Number of protein chains: 6
Amino acid sequence: MPFVNIKITREGATTAQKKLLVAGVTELLSSVLNKNPATTHVIIDEVDTDNWAIAGELVTGRRNRGL
Amino acid sequence: MPFVNIKITREGATTAQKKLLVAGVTELLSSVLNKNPATTHVIIDEVDTDNWAIAGELVTGRRNRGL
Amino acid sequence: MPFVNIKITREGATTAQKKLLVAGVTELLSSVLNKNPATTHVIIDEVDTDNWAIAGELVTGRRNRGL
Amino acid sequence: MPFVNIKITREGATTAQKKLLVAGVTELLSSVLNKNPATTHVIIDEVDTDNWAIAGELVTGRRNRGL
Amino acid sequence: MPFVNIKITREGATTAQKKLLVAGVTELLSSVLNKNPATTHVIIDEVDTDNWAIAGELVTGRRNRGL
Amino acid sequence: MPFVNIKITREGATTAQKKLLVAGVTELLSSVLNKNPATTHVIIDEVDTDNWAIAGELVTGRRNRGL
């Protein structure tokens with residue numbers, strides 16, 4: 001029954017990577033907490049770097065500075 | 001004062017359907033919990049089928065298999 | 001497959017009311033968008049009135065003023 | 001360590017405005033709660049006016065009525 | 001920079017299990033997407049079974065029926 | 001119309017601090033984006049330190065190590 005929301009910046013995650021990610025999280029919830037994979041949902045939110053900030057600075061700016 | 005977030009896959013919900021949905025949820029909160037419609041907010045998130053997984057599999061793949 | 005999150009203030013919603021609410025939302029998603037009830041999840045968050053603000057004022061204060 | 005999610009309608013917020021917003025929120029959490037800016041994250045969600053409703057009506061319709 | 005929110009029903013997850021879960025998710029994001037663990041946040045929400053519904057029925061009722 | 005969700009660890013934020021926080025965020029959205037305070041909602045989630053992890057480690061453990 002778990003519901004997992006993964007927020008990452010939109011910087012080119014591929015479908016192949018998403019498949020690995022959702023399969024891995026679902027397996028983890030099954031092995032650690034015995035949660036039924038059939039009712040496990042995972043949603044990936046890809047957020048524009050102009051819409052995510054760390055330390056008060058948009059990620060776009062951080063990327064431009066090499067961070 | 002309620003705040004409702006409805007997440008669905010992005011598979012062609014029309015504006016007419018969205019109108020029915022938000023009106024229905026707002027009415028439900030008013031009739032069941034006596035919540036004031038004027039302060040009831042509803043947000044619909046439409047999520048790409050490549051970004052939603054059930055049972056460890058992306059919905060895109062499930063759709064391709066007829067699920 | 002929908003996932004619905006309903007946030008309300010913690011002000012005494014009963015289990016009977018919650019049952020009506022989740023059944024109603026699930027039925028609405030089925031009738032309007034043809035969503036499968038079996039994979040529809042609804043989560044209710046009850047938020048303390050000290051942790052919810054409208055117009056920059058905590059709901060606790062608004063309640064004390066009769067709003 | 002705070003995580004802040006700001007949801008607004010998608011109606012033309014500029015990058016300059018977003019910079020002011022995330023810097024201001026981060027500063028506020030530092031000054032009021034002594035939270036470390038280095039671990040403060042802010043995410044802005046811009047939501048289409050067809051996907052946000054108040055009082056059971058989509059914002060698109062409200063805007064058309066001058067609200 | 002990822003932010004992960006895991007919602008599970010409040011049914012006795014132990015601190016040891018939470019440690020395995022957050023370590024596993026963080027490792028997964030690092031190995032699959034090359035995300036920096038230092039800026040990866042994971043939040044676990046434990047939701048009362050009276051506040052989570054599947055198929056229009058509260059989990060409390062489902063548990064009573066052996067589901 | 002904005003909706004703001006602030007997640008912090010549950011470590012003793014006072015009502016006075018919450019008042020400053022929600023007033024400040026609401027003012028910021030008004031001054032930067034011209035958002036109407038009357039429809040601005042702010043919700044504060046206080047998360048147990050056992051339910052928040054950074055770098056794959058629960059905050060409880062980090063606090064014990066003086067971080």
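This report covers helix 1 of chain A, the relation between chains D and E, and the aromatic pairs of a predicted model.

## Helix 1 of chain A

Helix 1 of chain A runs over residues 15–33 and holds 19 residues. At 1.5 Å a residue, a helix of this many residues should span 27 Å, and the C-alpha atoms at its two ends are 27 Å apart, so the expected and computed spans agree. Just after the helix, Asn34(A) takes a positive phi of about 60°.

The buried residues of this helix are Lys18(A), Leu21(A), Val22(A), Gly24(A), Val25(A), Thr26(A), Leu28(A), Leu29(A), Val32(A) and Leu33(A). An α-helix has 3.6 residues a turn, so residues three or four places apart point the same way.

What do the buried residues of helix 1 of chain A pack against? Within chain A, the partners are strand 1 (3–9) and strand 2 (41–47). Chain B contributes strand 3 (52–54) and strand 4 (57–58). From chain E come strand 1 (3–9) and helix 1 (15–33).

## Chains D and E

A turn of 180° with a shift of 0.0 Å along the axis lays chain E on chain D with an RMSD of 0.0 Å. That is the relation of a two-fold axis. Of the residues of chain E, Thr39(E) comes closest to the rotation axis, its C-alpha lying at 3.7 Å.

The interface residues of chain E are, to 100%, also interface residues in chain D, so the copies meet through the same surface.

## Aromatic pairs

Over all chains, the structure holds 3 aromatic pairs. One of them is formed by Phe3(B) and Phe3(F), which are stacked with 3.6 Å centre to centre and 0° between the planes. This pair crosses between chains: Phe3(B) belongs to strand 1 (residues 3–9) of chain B, and Phe3(F) to strand 1 (residues 3–9) of chain F. Phe3(B) counts as buried because its relative accessibility is 3%, and Phe3(F) counts as buried at 2%.

Phe3(D) and Phe3(E) are also paired; their ring centres are 3.6 Å apart and their planes at 0°, so this pair is stacked. Because Phe3(D) lies in strand 1 (residues 3–9) of chain D and Phe3(E) in strand 1 of chain E, the pair joins two chains. Are these two rings' residues buried or exposed? Phe3(D) is buried, with a relative accessible area of 3%, and Phe3(E) is buried, with a relative accessible area of 3%. Both values fall under the 20% cut-off for a buried residue.

Note on methods: Residues numbered from 1 in each chain as written. Chains lettered and ligands numbered in written order. Predicted model: local features only at pLDDT ≥ 70, side-chain atom pairs only at ≥ 80, totals over all residues. Heavy atoms only, no water. Helix = DSSP H or I, 4+ residues; strand = E, 2+ residues; numbered from the N terminus. Expected span 1.5 Å × (residues − 1). Buried < 20%, exposed > 50% of the residue type's maximum accessible area, 1.4 Å probe, protein only. Contact = heavy atoms within 4.5 Å. Least-squares fit on C-alpha atoms with pLDDT ≥ 70 in both. Phe/Tyr/Trp six-rings, centres within 6.5 Å; stacked < 30°, edge-to-face > 60°.
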